[in-house]
Amino acid sequence: MAEQTKEYVLSSSQQIPVVASTDVVVIGAGPAGLTAAVSAARNGCSVTLLERYHHLGGMASGGMVLVLDDMVNEGNEIVTTGIVNEFVDRMVKQDGAVFPPREECLTNWDMWQKWSRWGCIDFHKTGMPQPIIHAVAFDPDAWKRVSLDLVVEAGVNLRLHSWFSEALVENGKVTGVICQTKLGRQAIRADMVIDATGDLDVASSAGASFINGQYIVTTVFRLMDVDTDKAEAYEYANPEAYKKLDREARRRIGGAWGMWWLKTPLPGVVWCNCPHMSGYDGLSPEDMLGAEIEGRERMMNLLHFARENIPGFENARMLGAAEQLGIRQTRLLKGEYVVTKKDVASRRHFADSVCRGRDYYTPYRALLPKGIDNLIVAGRHYSVDSDAQKLSREIPPCMSQGEAAGVAVALALNSNKALRDVDAKLIQKQMRAQGADPGDIPSANALVEDAISA
C-alpha cells in the first residue's frame, strides 16, 4: 500500500471558481463513467463529465484492454446488454470491432482455429478446445471515437484534462467536486455525483468506508508488422514445437494469460495483454513508476525473442504501450451491501439486481455508500470484497453498472428522493426500456432464495 506521509506543509486558503452547476457530475470517463453520463443525460439530466486524460474510454482505450468479455452466462446466453451494444454496433460500422456470429459459437477445432486468437473463447473452461463465445475484439481508437460521439450526441458537458482533487460535502451530502487543471483548482456544483474513478477517489474523499485491495498490474502493448496467418499456421501445424516457444516467450514476459498475443481489427497488429506484475500499489506514484519501467523492460525482452524465434514475428516492431497503466484493484467501497466471492461463485440472485455479468448479479445496494447522500459509484471499485472483485471487474459489467447509476440519479432527482430510497424495481424497468438486462429475471442457473433480498 502507499506509504504514509511523515511530513506536511500548510496550504493557503483560496477562492475556487465554480465552472459548472449541473444536475449530475460524473468523475471518470472510462467505460462505467461514459455509460453513466450518457444514461443520465438520456433520462433528462444535465450532466458534466470530468476526465483527467485527453481521451475518453479509460481502460478500454487508453488502457488498451481490447477484448470485451464477461458478457455471457454459461451456455453463451448474452446477459450484458444496453449501451455496451451501441459501442459494439458503432465500432463495427467503422471496421473497428470483430466478434463471432452466433452460428460459429461452437466447440470444435475448426472454430477454435478461426476465433481463439481473437480472444473469443470461454477461458473458464479447461478442456480443449474451449468453446467459442460472444466476445468482442476492438480497436482502441474506434472506442475513443464512439465514446466522443455518444457523449456529444447526449448533450453532456465534457471537461477533459481535469483531475479530481476533492469532494464537496455539506451535512453528509456530496454537493460537488473540486478538480485540478492547468488554470488551477476549479469547482463543479451538482445535485448528484457519480464516482466512476475506478479507485474510489470521490467516495473516499467524501468519507465513505472502504477497504484497500491489490492485484496484478499490466503494461499492455501492441506489436505491428506481424504475419498472423503465418504465426497461426505454424502453431497449428507444429503444436509441440510452438508450445515450447510459447513457454519461453511467457517466461521472457514474466506473466500472461493463456494467450500472450491476440489479433486485432488492424491487419498485422497484435495485442499483448501482458506483462502481469504483482506487488505494485496502484495508488502509489512510486509503485506505478516502477511498474512502467519494469513493464517496458519485459515487453522489449519478449519482442527480441519473438523476432528471433517465432515464425510470423520476424519483422515485428513495437507499436507502443498503453497510455494508461492497467490497474485492476485498489480501494473497494464498503457500501450498503458488500458482494462476496460466495455470492459471485454461487450465482446468487438479488431482488434488487440492477446489472449483471457472467453468471453473477450486482445489487443496487452495492453501488451505494453508507451514511453519505447524493453519491453513487460505478465501476471496479463498487462494494465488493477483494476476491469477488477479481471475478467481477470486467469492462462490460462495469458499463452496465454505469448505465444503472445514470438511471438511478435521474429517478432520484425526478422524485426528489435520496438515492438509497429509489425503488430498484423502477431502475430495472427503465434499464429494460433502454435495452439493458438489469438481472431482475434470474437465469436458469441462478441461486434464488427467499432470504436473498433481505
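Is Trp-112 buried or exposed? Trp-112 is buried, with a relative accessible area of 6%, where buried means under 20%, exposed over 50% and partly exposed in between, with a 1.4 Å probe and protein chains only.

The exercises below use a predicted model, in which local features need pLDDT of at least 70, side-chain atom pairs count only at pLDDT 80 or more, and totals for chains, interfaces and linings use all residues. Residues are numbered from 1 along each chain as its sequence is written, and side-chain values use heavy atoms, with hydrogens and water left out.

**Exercise 1. Classify the ring pair of Trp-109 and Trp-112.**

Step 1. Apply the rule: rings of Phe, Tyr and Trp (its six-membered ring) pair if their centres lie within 6.5 Å, and planes under 30 degrees apart count as stacked, over 60 as edge-to-face and the rest as tilted. The count by this rule is six aromatic pairs.

Step 2. The ring centres of Trp-109 and Trp-112 are 6.3 Å apart and the planes stand at 85 degrees, so this pair is edge-to-face.

Step 3. Place the pair: both residues belong to helix H3 (residues 109-115), three residues apart, about one turn of the helix. Helices (H or I, at least four residues) and strands (E, at least two) are DSSP runs, numbered from the N terminus.

Step 4. Check exposure: Trp-109 is partly exposed at a relative accessible area of 46%, whereas Trp-112 is buried at 6%.

**Exercise 2. Find the ring that lies under the charged end of Arg-52.**

Step 1. A charge sits over a ring if NZ of Lys or CZ of Arg is within 6 Å of the ring centre and within 35 degrees of the ring normal.

Step 2. For Arg-52 the ring is that of Trp-163, with the charged end 4.6 Å from its centre. Arg-331 lies over the face of Phe-210, 5.8 Å from the ring centre.

**Exercise 3. Explain why Cys-272 and Cys-398 have no bond to their closest cysteine sulfurs.**

Step 1. A disulfide is a pair of cysteine sulfur atoms within 2.5 Å. The whole structure holds zero disulfides.

Step 2. The closest cysteine sulfur to that of Cys-272 is in Cys-274, at 5.1 Å, which is too far for a bond. Cys-272 is buried, with a relative accessible area of 0%.

Step 3. For Cys-398, the closest cysteine sulfur is in Cys-355, 8.7 Å away, again too far for a bond. Cys-398 is buried at 7%.
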